[in-house]
Amino acid sequence: MICPNCQENVLYKERPSYTCSKCHRTFALEPRANSLRLHDARFLRVAAKLTDNGRMKITESQLWFVLSRKTLHSVRGPRSGIPTAIGCLGFGLPVGAGLGFTGVTVGGGAYFLVVLGALLVLGALGSAVGNIQDGRKRYDTLPLSPFREQAMARWKFAYGSLPPGIVDDATLRRTPRPERPRAALLCADLAVASFLAANDIPARYGVEIATTVQALPDDVPVVVLHDAGAIGSVQVLAVRDALPGRRVVDAGLRPRVVMKAKGAVVAHGTAPSAADVRRLRAAGTLTAEELTWLADGWWSPLVGAPPVKLLNAVSTVLERVTGPADASDPDRRGAETLGFLTWPDAGAA
């Protein structure tokens with residue numbers, strides 16, 4: 001590992017107790033002591049790139065998703081293992097059956113062919129089942145706590161504060177609210193809400209950010225930001241029911257974006273209820289493919305979206321929502337269905 005203080009290459013035995021034996025200064029991250037194999041130089045390099053050297057702010061949770069992206073399963077869908085399974089069966093079954101038939105026909109000392117054929121057939125079936133199951137793998141949980149304990153806490157201990165541009169997930173709670181908000185932004189994910197607050201979204205657009213419906217200001221349009229999942233999609237409908245007569249804009253992460261985006265963080269959770277699926281189908285805003293995806297329990301967390309694209313998408317929506325007061329304005333009408341489909345190069349998320 002390269003010591004972040006003296007830039008010397010130090011072996012594991014030369015850096016006991018997070019201390020470089022050459023310059024005798026401490027460092028924050030020991031690659032062998034954290035699950036992401038992080039060291040100070042990589043941590044700083046990634047943080048600087050994501051924040052444009054501190055000019056943009058991101059939260060601890062967003063940093064974790066970027067750093068751990070390669071460790072998360074990112075297969076493209078629940079059936080990605082099926083082609084491999086078909087290949088196993090296409091080879092194993094006919095060859096195994098052929099060997100077994102030959103052994104029975106020849107008889108005598110060829111009985112081993114029957115055994116070999118049976119083993120091949122069983123192996124093909126087992127391999128096919130395994131590949132189908134592998135095609136459905138996702139992380140059911142996205143463990144942020146170990147990252148905070150192993151990396152962020154160590155960094156604060158060693159250097160006294162987080163790297164430039166990195167803010168904690170509760171920044172929203174310390175952000176002043178606009179006196180006369182022109183709109184409200186509802187985001188249940190505190191880390192994402194804090195990310196937007198840290199990047200001056202409230203001051204730039206006169207927007208009050210809230211994490212619950214009860215905390216929303218009165219008599220202003222509401223923009224709902226949510227995960228790509230059944231819970232988030234249903235939330236928009238619930239907000240409209242709770243705020244009759246209010247303008248509610250769905251600016252959430254769309255399933256059709258993450259379903260096809262290379263590198264998107266996709267997780268598998270509990271399937272939504274049949275009632276929720278019917279409600280989403282009746283709303284008519286999702287495609288049949290999206291509804292199937294959501295009904296199977298797939299989802300993608302908003303906090304895992306690329307920070308720059310997330311900020312740009314939210315800014316675009318708010319510019320239109322807080323723009324001309326005339327509700328017939330085409331930009332305002334367009335904002336009703338505007339979301340993350342506006343991301344440039346969505347396939348490289």
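**Entry 1: strand 3**

I began with strand 3 and looked up where its side chains go: A183, L185 and C187 point one way, A184 and L186 point the other way, and all of them are buried. I note at once that I am reading a predicted model, and I keep that in mind for every entry below. Counting along the strand, I found that five of the five residues of strand 3 are buried, so this strand is largely enclosed by the rest of the structure. For C187 I also looked up the value itself, and its relative accessible area is 0%, which places C187 among the buried residues.

**Entry 2: the sheet around strand 3**

Next I asked which strands make up the sheet and in what order they lie. There are four of them, they form an open sheet in the order 4-3-5-6, and the pairing is parallel. Strand 4 (207-210) and strand 6 (248-250) stand at the edges with a single partner strand each, so one side of each is left without a neighbour in the sheet. From one strand to the next I read an average twist of 25°.

I then followed the two pairings of strand 3. With strand 5 (residues 222-225), strand 3 (residues 183-187) pairs in the parallel sense over four bridges. Within this pairing L186 stands opposite V224 of strand 5, while the bridge partner of C187 in strand 5 is L225. Towards strand 4 I again found four bridges, and strands 3 and 4 run parallel; here L185 stands opposite I209.

**Entry 3: a helix on the sheet**

Returning to the pairing of strand 3 with strand 5 over four bridges, I looked for what packs on the sheet. I found helix 12 (residues 307-321), which touches strand 3, strand 4, strand 5 and strand 6, and whose direction makes about 160° with that of strand 5.

**Entry 4: the nonpolar cores**

I wanted to know which residues of the largest nonpolar core touch the most other members. This core has 63 residues, and the ones with the most such contacts are F43, L63, F147, L185, L196 and L225. Since L185 had already come up in strand 3, I listed its contacts, leaving out residues up to four places away in sequence: L185 touches L196, V207, E208, I209, A210, V223, L225, V314 and L318. Apart from the largest core lies another one, of 11 residues, and A184, V220, V224 and V236 are among them.

**Entry 5: cysteines**

How many disulfides does the model hold? The count comes to zero. I checked C23 in particular, which is in no disulfide, the nearest cysteine sulfur being that of C3 at 3.8 Å; a disulfide would need the two sulfur atoms within 2.5 Å. C23 has a relative accessibility of 22% and therefore counts as partly exposed.

**Entry 6: aromatic rings**

For aromatic pairs the count comes to four. The first one I wrote down joins Y18 and F27, whose ring centres are 5.9 Å apart and whose planes stand at 55°, so the pair is tilted. I looked up the surroundings of both rings, and Y18 is partly exposed with a relative accessible area of 25%, whereas F27, at 0% relative accessibility, counts as buried. A further pair is formed by W64 and F65, with 4.8 Å from centre to centre and 85° between the planes, and this pair is edge-to-face. Both W64 and F65 are buried. I also found F43, W155 and Y159 linked by ring pairs into a cluster, and I recognised F43 from the list of residues that touch the most other members of the largest nonpolar core.

**Entry 7: positive phi angles**

Finally I looked at backbone angles in residues that are not glycine. S17 has a positive phi of about 55° although it is not a glycine; this residue is found in the segment before helix 1 (40-51), and with a relative accessible area of 68% S17 is exposed. D200 likewise is not a glycine and has a positive phi, of about 65°. I located D200 in the loop between helix 6 (190-198) and helix 7 (201-205). Is D200 buried, partly exposed or exposed? At 46% relative accessibility, D200 counts as partly exposed.

Technical notes:
Residues numbered from 1 in each chain as written. Predicted model: local features only at pLDDT ≥ 70, side-chain atom pairs only at ≥ 80, totals over all residues. Heavy atoms only, no water. Pairing = 2+ DSSP bridges. Axes fitted to C-alpha atoms, helices over the stretch in contact; angles between N-to-C directions. Contact = heavy atoms within 4.5 Å. Core = buried A, V, L, I, M, F, W, Y, C linked by side-chain atoms within 4.5 Å. Buried < 20%, exposed > 50% of the residue type's maximum accessible area, 1.4 Å probe, protein only. Phe/Tyr/Trp six-rings, centres within 6.5 Å; stacked < 30°, edge-to-face > 60°.
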